[in-house]
Amino acid sequence: MRAASRPHPLSRFEFLVAAAILAGGLAGCATPPPASDPEALADFRQTNDPLEPTNRVFYKIDDTLDTVLLKPAAEAYRYVLPDTVRTGIHNVLNNLGGPVRLTNDTLQGKPARAGDTMMRVLINTTAGLVGIFDVAKDVGYPDHDNDFGLTLANWGVPEGPFLYLPVLGPSGPRDATGFGVDIAIDPFTWVGNGRIGYHIASWSKTAIAALDTRSRLLDAITSVKKTALDPYATFRSLYRQNRAGKLETLQADNRATIPIWWPQGKTSSATTQSQSQTTR
Amino acid sequence: MLDRRNCLTASLAVLAAAAGSGLTSSGARAQAGEKATAFVQQTGDKLVSVVNGTMSTPDKRRALTQIIEASVDVDSVARFCLGRFWRTASVDQQKRFVNAFHEVLVTNISSKLGEYQGVKLTVQHARMQDDDAIVTTTVERPNNPQTTVDWVIEQPTTNPKIVDVLAEGTSLRLTQRQDYASYLTRNNNDVDALINAMKQQTAQNG
């Protein structure tokens, strides 16, 4: 309907929404083990993959696409471009993700992480020449991942059943929603939207990002496929653990934001003093 | 007055005792952490020298087997990986599974020799989690982004052994357990089928 009023090529967002709807239409369900086997039932619930048969179909399709398209492309990308150039490209893409990360840091109520992201964007965009060089890391502003899926997780939204989405790969209702929200809150989704140049830039960025991500995972994915008896289950496990690990890291990061000119650690000594006073 | 002083002395004594025990336990933990760090440094150095060495591949595999058998509690990892199926398996199956697992572990690690060529491992710090020590390291290798690898060490003071490796927060043994669980669920919970698949895999990759 929107296409009629706005005769532009399909945006990335619309494309992904269409893909997700298609996935939903083809849903098939896994049969849970009988109640007579409580351990197997507990395992089934813990795995939380009720759509496993459908997920496996999409895994297979994605895996085939990957083998014939993305993997060879990523290999070529790694072969043609030297390490330093690929790192530069990775840094630029990472820097473009700054606004989304900053929004999520803020929504999660993590001022020190938001500060890191802010400083990283400011320093790397200028001194790092539009993000090619990660100067900020060397002056004490380390990088961290963030997305709206993690924001929802931090707010207490459970990950929900496992979903293997076409093109996007391992996900779940929470993280898939987060993915959509991240695109919606990304200023680069809206700046210049509607112009043909925007669509070229936007799709190129998506393609380069795919090559960048896939080339960084070449060895890891090959090794999983070689060593796992059930690669699908292994990727599912790795995805879930990776998300849980990121959530744990962000929740554990409770650094206070004390300005540099303020007496450092004053709050903690003040509490000790009041405590010793009450004991006396 | 006297009562108050006595009370004060008693509470001071209690406090001192509490502080003392706190100190010794934190001292022991620090010591456990140091020992685990030294253990990981030592094992890591051995691994790196084999991986980056000039030996032939079969020789490297032999050297790796030795290091793994000496530094990893393979039997305990194997039991963990079979999960709930360990209890339903027969003693004979358990034995054959553990044997196959030893092979799988060595084969999986040896199959990565090529991609880890030029690897550099830096030990960062250690922390305690219950009785285990977790030693954090960073692994750098050509063509790949730097990764954080945590080594979980059981009995760090008496008989340190690796029981798990966490690559960027993902546990190797947990991933393996879920791989096996899925395989078993899709193959009528047949442990023999799993053992066969494991053997086939080692034959293919070894």
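These exercises walk through a predicted model with chains A and B.

**Exercise 1. Describe the make-up of each chain.**

Task: State how many helices and strands chain A and chain B have.

Solution.
- Step 1. Take chain A. Its secondary structure comes to 15 helices and two strands.
- Step 2. Take chain B. Here the count is seven helices and five strands.
- Step 3. Read chain B along its sequence. The pattern is α-α-α-α-α-β-β-β-β-β-α-α.
- Step 4. Add burial. Chain A has 280 residues, and 25% of them are buried. Chain B has 206 residues, with 23% buried.
- Step 5. Add contacts. In chain A, 64% of the contacts between residues at least 6 apart in sequence join residues at least 24 apart. In chain B, for contacts with a separation of 6 or more, the share from residues 24 or more positions apart is 55%.

**Exercise 2. Classify a helix crossing.**

Task: Decide how α2(B) and α5(B) are oriented, and list what meets at their contact.

Solution.
- Step 1. Locate the helices. In chain B, α2 covers residues 57-71 and α5 covers residues 91-110.
- Step 2. Take the geometry. Their axes come within 10 Å and cross at roughly 125°.
- Step 3. Classify. The angle is neither over 145 degrees nor within 65 to 115, so it falls in the oblique class. That makes α2(B) oblique to α5(B).
- Step 4. Give the hand. The crossing of α2(B) and α5(B) is right-handed.
- Step 5. List the residues. From α2(B) come B:Lys60, B:Arg61, B:Leu64, B:Thr65 and B:Ile68. From α5(B) come B:Leu105, B:Val106, B:Ile109 and B:Ser110.
- Step 6. Sort them by class. The contact of α2(B) with α5(B) has five nonpolar, two polar and two charged residues.

**Exercise 3. Find the nonpolar cores.**

Task: Describe the largest nonpolar core and say which element gives the largest share of it.

Solution.
- Step 1. Start with the general trend. In soluble globular proteins, nonpolar side chains tend to be buried together.
- Step 2. Count. The largest nonpolar core has 30 residues. Those with the most contacts inside it are B:Ala36, B:Val135, B:Ile153 and B:Tyr180.
- Step 3. Find the sources. Elements of chain B that give two or more residues to this core include α1 (2-51), α3 (74-82) and β2 (132-141). The largest share, five residues, comes from α5(B).
- Step 4. Zoom in on B:Ile153. Beyond its neighbours within four places in sequence, its contacts include B:Ala36, B:Phe39, B:Val40 and B:Val135.
- Step 5. Look for another core. A second, separate core of 11 residues includes A:Phe58, A:Leu165, A:Tyr232 and A:Leu238.

**Exercise 4. Map the meeting of the chains.**

Task: Work out what chain B brings to its contact with chain A.

Solution.
- Step 1. Count both sides. Chain B gives 23 residues and chain A gives 19 residues.
- Step 2. Name the elements. On the side of chain B that touches chain A, two or more residues come from each of β3 (144-154), β5 (170-171), α6 (172-185) and α7 (191-205).
- Step 3. Pick the main one. The largest share, eight residues, comes from α6(B).
- Step 4. Sort by class. This side of chain B divides into six nonpolar, 12 polar and five charged residues.

**Exercise 5. Place a glycine.**

Task: Is A:Gly178 buried or exposed, and what does this residue touch?

Solution.
- Step 1. Locate the residue. A:Gly178 is found in helix α10 of chain A.
- Step 2. Apply the cut-off. A residue counts as buried if 20 or more other C-beta atoms lie within 10 Å of its own. A:Gly178 has 21, so A:Gly178 is buried.
- Step 3. Find its contacts. Leaving out residues up to four places away in sequence, A:Gly178 touches A:Asp147, A:Phe148, A:Gly149, A:Thr151 and A:Leu152.
- Step 4. Compare sequence with space. A:Gly178 and A:Leu152 are 26 residues apart in sequence and 7.4 Å apart in space, C-alpha to C-alpha.

**Exercise 6. Examine two positive phi angles.**

Task: Where do A:Asn48 and B:Asn188 lie?

Solution.
- Step 1. Recall the background. Most residues other than glycine have a negative phi.
- Step 2. Take A:Asn48. Its phi is positive, about 45°. A:Asn48 lies in the loop between α3 (38-47) and α4 (52-80) of chain A. With 15 other C-beta atoms within 10 Å, A:Asn48 is partly exposed.
- Step 3. Take B:Asn188. Its phi is positive, about 55°. B:Asn188 lies in the loop between α6 and α7 of chain B. With 7 other C-beta atoms within 10 Å, B:Asn188 is exposed.

Notes. Residues numbered from 1 in each chain as written. Chains lettered and ligands numbered in written order. Predicted model: local features only at pLDDT ≥ 70, side-chain atom pairs only at ≥ 80, totals over all residues. Axes fitted to C-alpha atoms, helices over the stretch in contact; angles between N-to-C directions. Helix = DSSP H or I, 4+ residues; strand = E, 2+ residues; numbered from the N terminus. Parallel < 35°, antiparallel > 145°, perpendicular 65-115°, else oblique. Left-handed = near helix turned anticlockwise from the far one by under 90°. Contact = placed C-beta atoms within 7 Å. Nonpolar A, V, L, I, M, F, W, Y, C, P; charged D, E, K, R; others polar. Buried ≥ 20, exposed ≤ 12 C-beta atoms within 10 Å, placed from the backbone. Core = buried A, V, L, I, M, F, W, Y, C linked by C-beta atoms within 7 Å.
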